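The following paragraphs lead through the interior, the sheet and the charged pairs of a predicted model. Please keep the structure in view while reading.

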Amino acid sequence: MTISPAPAPYLCVLAEPAGYHTAARKALYYPAHPQHLPSKKLEESLGVPLFLRDGRSVTPTPEGELVLAYARKILDLDQELASALLPLQQRRQNSLRIGTYLIYSSLLMPTLIAAFHRTHPDAEIKLTHEHHQELLQGLKNNQFDVILSIQDQPDPEFAQRLLKREPLLLALSPDHPACAQAIPVAGSPYSFLDLEALPKELLLLQRPYQQVRLQEDKLLKTAGLNQARFKEVGSIETAVRLAAEGMGAAFCMSSYVHALHIPKPIRYFLTGDLQTAPWLTLSYAKGQEHNPTLRAFLRLTQETVAQIL
């Protein structure tokens with residue numbers, strides 16, 4: 001048999017010279033009636049008496065002395081554990097493990113981390129870039145405190161902040177005949193071009209594990225172009241550069257344009273269903289809003305996104 005950690009404080013108090021009433025008063029989570037006290041239950045489970053009871057007097061038996069010695073060790077270990085955890089808990093409160101895509105790691109994070117460092121110079125930041133599914137799985141496995149990613153819809157498993165809509169853009173060479181079919185969109189720097197204007201075009205798509213590919217597949221399905229000619233190009237910038245060379249049509253999320261360096265002229269168009277465009281989203285574990293370091297990072301991220309994107 002074993003002594004559970006819960007009765008250990010009670011047993012130690014019970015051995016003090018005040019008997020049942022002191023023990024019941026100090027261990028409020030146990031009933032005060034002697035028949036229901038943890039010591040009686042422990043005696044029944046061990047099959048030996050632990051205390052000699054005489055009115056208000058409680059005296060440990062030899063077996064009780066042995067059990068008390070171990071109970072006190074349990075209490076000492078509990079206090080030692082609390083002391084050892086304290087600096088780790090404080091460090092955790094002053095650190096952030098951030099996950100995002102490679103493109104946001106270079107586009108947003110330098111400005112964001114610099115601004116965060118000015119207000120939190122002692123905070124420890126760990127930045128990791130991964131593909132979409134790895135970010136979500138890492139957040140589920142507590143490998144990240146917060147991730148910045150593109151989401152089609154809110155995920156009920158996490159707490160989330162929606163930062164901005166991220167429509168998918170179609171990239172074409174400016175002299176492509178389809179450019180003439182584009183329709184201006186009020187309030188947007190981009191015109192709209194339906195994918196149906198490119199029925200036989202080679203589509204330069206990303207790999208299946210990339211977030212942009214999720215949006216590309218959704219677009220192709222909606223447009224009924226499941227059998228469209230396509231070529232997989234892992235690098236978004238390479239795909240857009242090929243489009244600028246007249247080698248096909250490429251795609252990217254709207255904010256990615258700020259990070260791309262295309263030497264030849266290129267035109268971008270809104271495409272697909274603009275009402276269901278995904279969101280650039282901050283995701284973190286529920287219940288972490290009380291963490292002041294995380295709260296400050298969330299606020300600064302919103303400000304940085306509004307400034308850069």
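In this predicted model, the largest nonpolar core has 72 residues. Those with the most contacts inside this core are Tyr104, Leu172, Val240, Tyr256 and Tyr268. Helix α10 (residues 292–308) supplies the largest share of the core, six residues. Apart from this core lies another one, of six residues, which include Leu42, Phe51, Val58 and Leu68.

Tyrosine 268 shows how the core residues meet across the sequence. Neighbours within four places aside, tyrosine 268 is in contact with Leu169, Leu170, Ala171, Tyr190, Val240, Cys252, Val257, Leu260 and Ile262. One of these partners, Val240, is also a buried residue of helix α9 (residues 236–244), and the path through the structure can be followed from there.

The buried residues of helix α9 are Ile236, Ala239, Val240, Ala243 and Ala244. They cover an arc of only 145 degrees around the axis, and therefore lie on the same side of α9. An α-helix has 3.6 residues a turn, so residues three or four places apart point the same way. The elements against which the buried residues of α9 pack are β7 (168–172), β9 (203–205), α8, β11 (249–253) and β12 (267–270).

Both ends of α9 carry local features. At the N-terminal end, serine 235 acts as a cap, with a side-chain oxygen 3.4 Å from the backbone nitrogen of glutamate 237. Just after α9, glycine 246 takes a positive phi of about 80 degrees. Within the helix, glutamate 237 and arginine 241 form a salt bridge, their closest N and O atoms being 3.2 Å apart. These two residues of α9 are four residues apart, about one turn of the helix. Glutamate 237 is partly exposed, at a relative accessible area of 21%, and arginine 241 is likewise classed as partly exposed, at 36%.

Several of the strands against which α9 packs belong to an open sheet. Six strands form this sheet in the order β8-β12-β7-β11-β9-β10, and the pairing is mixed. The edges are occupied by β8 (191–192) and β10, each with a single partner strand, so one side of each is left without a neighbour in the sheet. At one of these edges, β8 and β12 pair in the parallel sense over two bridges; the bridge partner of serine 191 in β12 is phenylalanine 269.

The loop between β6 (159–165) and β7 contains proline 167. Is this proline 167 buried or exposed? Its relative accessible area is 17%, and proline 167 is therefore buried, the cut-off for that class being under 20%. Leaving aside neighbours within four places in sequence, proline 167 is in contact with Cys252, Met253, Ser254, Leu270, Leu274 and Ala277. Proline 167 and aspartate 273 lie 106 residues apart in sequence, yet their C-alpha atoms are 8.6 Å apart in space.

The charged pairs complete the picture. Side chains of opposite charge can pair when their charged atoms come close. The whole structure holds 10 salt bridges, and arginine 213 takes part in a network of them that joins Arg207, Arg213, Asp217 and Glu232. Arginine 213 is found in helix α8 (residues 211–223) and is buried, with a relative accessible area of 8%. Beyond four places in sequence, arginine 213 touches Leu205, Gln206, Arg207, Pro208, Phe230 and Glu232. A polar atom of the arginine 213 side chain also lies 2.6 Å from the backbone oxygen of glutamine 206.

Which acidic residues meet the side chain of arginine 213 in salt bridges? One is aspartate 217, with an N to O distance of 2.8 Å. Because aspartate 217 and arginine 213 are four residues apart in helix α8, about one helical turn separates them. Aspartate 217 counts as partly exposed, at 35% relative accessibility. Another is glutamate 232, whose closest approach to arginine 213 is 3.0 Å between N and O atoms. Since arginine 213 lies in helix α8 and glutamate 232 in strand β10 (residues 230–232), this pair ties together parts that are 19 residues apart in sequence. Glutamate 232 is partly exposed, with a relative accessible area of 30%.

Terms used. Residues are numbered from 1 along each chain as its sequence is written. This is a predicted model: local features need pLDDT of at least 70, side-chain atom pairs count only at pLDDT 80 or more; totals for chains, interfaces and linings use all residues. Side-chain values use heavy atoms; hydrogens and water are left out. Buried means under 20% relative accessible area, exposed over 50%, partly exposed in between (1.4 Å probe, protein chains only). A polar contact is a pair of N or O atoms within 3.5 Å; within protein, one must be able to donate a hydrogen and the other to accept it, and residues adjacent in sequence count only if both atoms are side-chain atoms. Contact means heavy atoms within 4.5 Å. The arc is that of the directions from the helix axis to the C-beta atoms. A nonpolar core is a set of buried Ala, Val, Leu, Ile, Met, Phe, Trp, Tyr and Cys residues joined through side-chain atoms within 4.5 Å. A salt bridge is a side-chain nitrogen of Lys or Arg within 4 Å of a carboxyl oxygen of Asp or Glu. Two strands pair if DSSP finds at least two bridges between them.
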